[in-house]
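Thanks for making the time this morning. I would like to walk through one model with you, going from the whole assembly to a single residue, and I will say how each term is defined as it comes up.

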There are 2 protein chains.
Amino acid sequence: MTEQSPGSRPTLEAVAARAGVSRATASRVVNGGDGVRKPLVDKVLKAVDELGYIPNHAARTLVTRRTGAVAVVIAEPETRFFSDPFFSQQIRGISKELTAHDTQLVLLLVEGPGDFDRIARYLSGGHVDGALAFSLHTDDPVPAITRRAGIPAVYGGRPSWTADPGDQAVPYVDADNRGGARLAVQYLKDLGRQRIAHIGGPADQTSAMDRLDGYRDVLLDVDPTLVADGAFTVESGARAMAELLERRPDLDAVFVANDLMASGALRVLRERGISVPEQVALVGFDDMDSVASETDPPLTTVGQEIEGQGRLMARLLLRALDRERTGSGDVPESVITPVTLVRRASA
Amino acid sequence: MTEQSPGSRPTLEAVAARAGVSRATASRVVNGGDGVRKPLVDKVLKAVDELGYIPNHAARTLVTRRTGAVAVVIAEPETRFFSDPFFSQQIRGISKELTAHDTQLVLLLVEGPGDFDRIARYLSGGHVDGALAFSLHTDDPVPAITRRAGIPAVYGGRPSWTADPGDQAVPYVDADNRGGARLAVQYLKDLGRQRIAHIGGPADQTSAMDRLDGYRDVLLDVDPTLVADGAFTVESGARAMAELLERRPDLDAVFVANDLMASGALRVLRERGISVPEQVALVGFDDMDSVASETDPPLTTVGQEIEGQGRLMARLLLRALDRERTGSGDVPESVITPVTLVRRASA
DNA sequence: GGCCGTGCTGAGAGCGCTCCCAGAGAAGGT
DNA sequence: ACCTTCTCTGGGAGCGCTCTCAGCACGGCC
């Protein structure tokens, strides 16, 4: 393949001419070569190679009405997306899966609440075939946008509106938050801990609520003084821990709703000279690479396959697109991914 | 704007018909309305609104040969991109600037060394007008790819090959690493510190080398036992600190090449009961949000405008694209962004 | 030998848009 | 009054591709 002089790439026409076939046949070969006799296929491929032909994407999209791209909408007004390795890992998984299916990833970062107009315009503009989004807030306008744009969408994390059965079903991928929480709390209970506290995440995120529910599933009648709220950040975890210790100096275990908060809690415990896990056992959630194994002591936590979740999201979307194209296949359904307890030193 | 029945969006033709003008005039209005009389403009806009017309991007690209999208190439084989908030913040800046200019961001994550073929194909396929990339490794094939694809590119971080003057100039944006290092070390010197050590980053990253150079600029003849190498990670910082303490228990200050390593170093100092900043003063680099202000004590560090760098990268690229389109305007030149010393408690 | 598949190939019509160019008026100069 | 100039509008070509449909050759069957 030779270098091209800019602005004058060879067209299918040129390939066809060189191969001595019609444009239609050349097109067939370029798109898989079904129904074309071997010798012609070879001639066309040779011409493609010699000319360094690369199909013009716009022309193809114009007629097929498919772009080969999907949008990933990050509806995070502020820095959460960046401080949380969670998203990045999901994106990595999404990217891997899309790449494997020759589909491009267009990143749509929402720049503030007024920016949804632009997102809507983009999603409706035929730039992408589908959308992936992360559900974080209760009032997320993205589902309405994708519905109006008429493109399929898949969510990361259970959207809060799924509680509302009247609403349209949107497939999503989420970890088994409730089950994971049960796992963690049961483990602490089996360890013989009597007063197991909980540091929870923000109430507008279903993952936090589900984890709280799992905690309650195991402990049934929970004393409210054993539960403190955080915001999924290190600092809020520290604050919540301090609060719990003040209210319940007798606690002997804490299930923390994510690793970031757990590391904050750990710091507070250390500062107060409370030994972990001897005096207080601690279990986190997420098994976040850069956190869980770096703390002192390393965190026992509930592990989930974050990258796998991303892959799964992409796969569900691709399936939906395929269904749209071929008119057959099964409607994608939401998937809950399994979690496991990762035992380290903190409990 | 009414909801569209899927698959049958209104075309320019329909808009023109409804407004009682020709397709050409409708097109003019949609593209800014220059040279069209007011009453007609209004009629067309009304029709656009009533029909909910959205231009077909593919058709437009097919004729203009512009896609309105640029690629961001993340050539990180592994997890560096994700563990380092640096990239995320730059992306945020890039996204803001691109959005402001109605340009889309296509994220290209390189999935391993064999994946560059795919990247090359994509960049050559007319999917994007230009590329932004981050320079991390010496043998980065991206510049060759973009050159061959004939699209402009801008780099984040000084590429190592810029040392080679024979090579083609690629505009880049980087912080004043060397100047920042000088700032930090001079500050420690002014504090009266006599034995200022350095924990450096990996040798294949120009930022690490430039920071080392800045350190040397101030201290001139540096005793090699005062310099240890890290890998820009927390753990490597801890290791390097331990190594330094062993070799030079008399050191009274450390300039660490980034905040992540500084936090690791800090941990080691704390564990050994060495007081910071009394016995050893510590200065980091980056002023990374989630790190520098969270350590104990909070880190004195060299701050840089990471998001601003991202914006700048995007702006340089947009300017290059504009130049390509109009055939005039200045060739974008590399920019070195200023840094400042952020004084907190560690020095 | 005639007829009907069957398997490939090519001609040609668009996909929706931009932009060149010609032409229609309006405005201004002589 | 006519010619020139300028402003605005519409006709129409064409961007590069896919896909339908017709046509052709070949083989098998009656």
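Chain A can be laid on chain B with an RMSD of 0.0 Å, by a turn of 180° and a shift of 0.0 Å along the axis, where the superposition is by least squares on the C-alpha atoms of residues with pLDDT of at least 70 in both copies. The two copies are thus related as by a two-fold rotation axis. The same surface serves both of them, in that 100% of the contact residues of chain A recur in chain B; two residues are in contact if their C-beta atoms, placed from the backbone, lie within 7 Å.

Please keep in mind that this is a predicted model, in which local features need pLDDT of at least 70 and side-chain atom pairs count only at pLDDT 80 or more, while totals for chains, interfaces and linings use all residues. Residues are numbered from 1 along each chain as its sequence is written, and chains are lettered from A and ligands numbered from 1 in the order in which they are written.

As for confidence, pLDDT is the predictor's confidence in each residue, from 0 to 100. The mean for chain A is 87, and 90% of its residues reach 70 or more. Within chain A, confidence is lowest in helix H5(A), at a mean of 62, and highest in strand E8 (residues 253-256), at 97. Helices (H or I, at least four residues) and strands (E, at least two) are DSSP runs, numbered from the N terminus. Over residues 1-7 of chain A pLDDT stays under 50, and the model has eight contacts beyond four places in sequence for that stretch.

Let me turn to the contact between the chains, which takes 36 residues from chain A and 36 residues from chain B. On the side of chain A that touches chain B, at least two residues each are supplied by H4, helix H5 (80-83), helix H6 (85-100), strand E2 (104-109) and helix H7 (116-124). The largest share of that side, seven residues, comes from H6(A). By class, the side has twelve nonpolar, 16 polar and eight charged residues, where Ala, Val, Leu, Ile, Met, Phe, Trp, Tyr, Cys and Pro count as nonpolar, Asp, Glu, Lys and Arg as charged, and the others, Gly among them, as polar.

In which sense do E2(A) and strand E2 of chain B pair? They pair in the antiparallel sense over three bridges, where pairing requires that DSSP finds at least two bridges between the strands. Val106(A) stands opposite Val106(B) in E2(B).

Following E2(A) back into its own chain, six bridges join strand E1(A) to E2(A), and these two run parallel, with Ala71(A) opposite Val106(A). Four bridges join E1(A) to E3(A), again parallel, and the bridge partner of Val70(A) in E3(A) is Gly130(A). Six of the six residues of E1(A) (residues 69-74) are buried, so this strand is largely enclosed by the rest of the structure. A residue is buried if 20 or more other C-beta atoms lie within 10 Å of its own, exposed if 12 or fewer, and partly exposed in between, with C-beta atoms placed from the backbone.

Further along, strand E3 (residues 130-134) and E4(A) pair in the parallel sense over four bridges, and Leu132(A) stands opposite Val154(A). Both faces of strand E4 (residues 153-156) of chain A are covered, with Ala153(A) and Tyr155(A) buried on one side and Val154(A) and Gly156(A) on the other.

Now the DNA: 26 residues surround strand C, the closest being Ser22(A), Thr11(B), Leu12(B), Asn56(B) and Ala59(B), where near means that the C-beta atom, placed from the backbone, lies within 6 Å. The largest share of this surface, five residues, comes from H4(B). DNA strand D is likewise surrounded by 26 residues, the closest being Leu12(A), Ser27(A), Asn56(A), Ala59(A) and Ser22(B), and H4(A) gives the most there, with five residues.

Finally, a single residue: Gly180(A) is found in helix H9 (residues 177-190) of chain A, and is buried, with 25 other C-beta atoms within 10 Å. Leaving aside neighbours within four places in sequence, Gly180(A) is in contact with Ala175(A), Gly214(A), Phe285(A), Val302(A), Gln304(A) and Val339(A).
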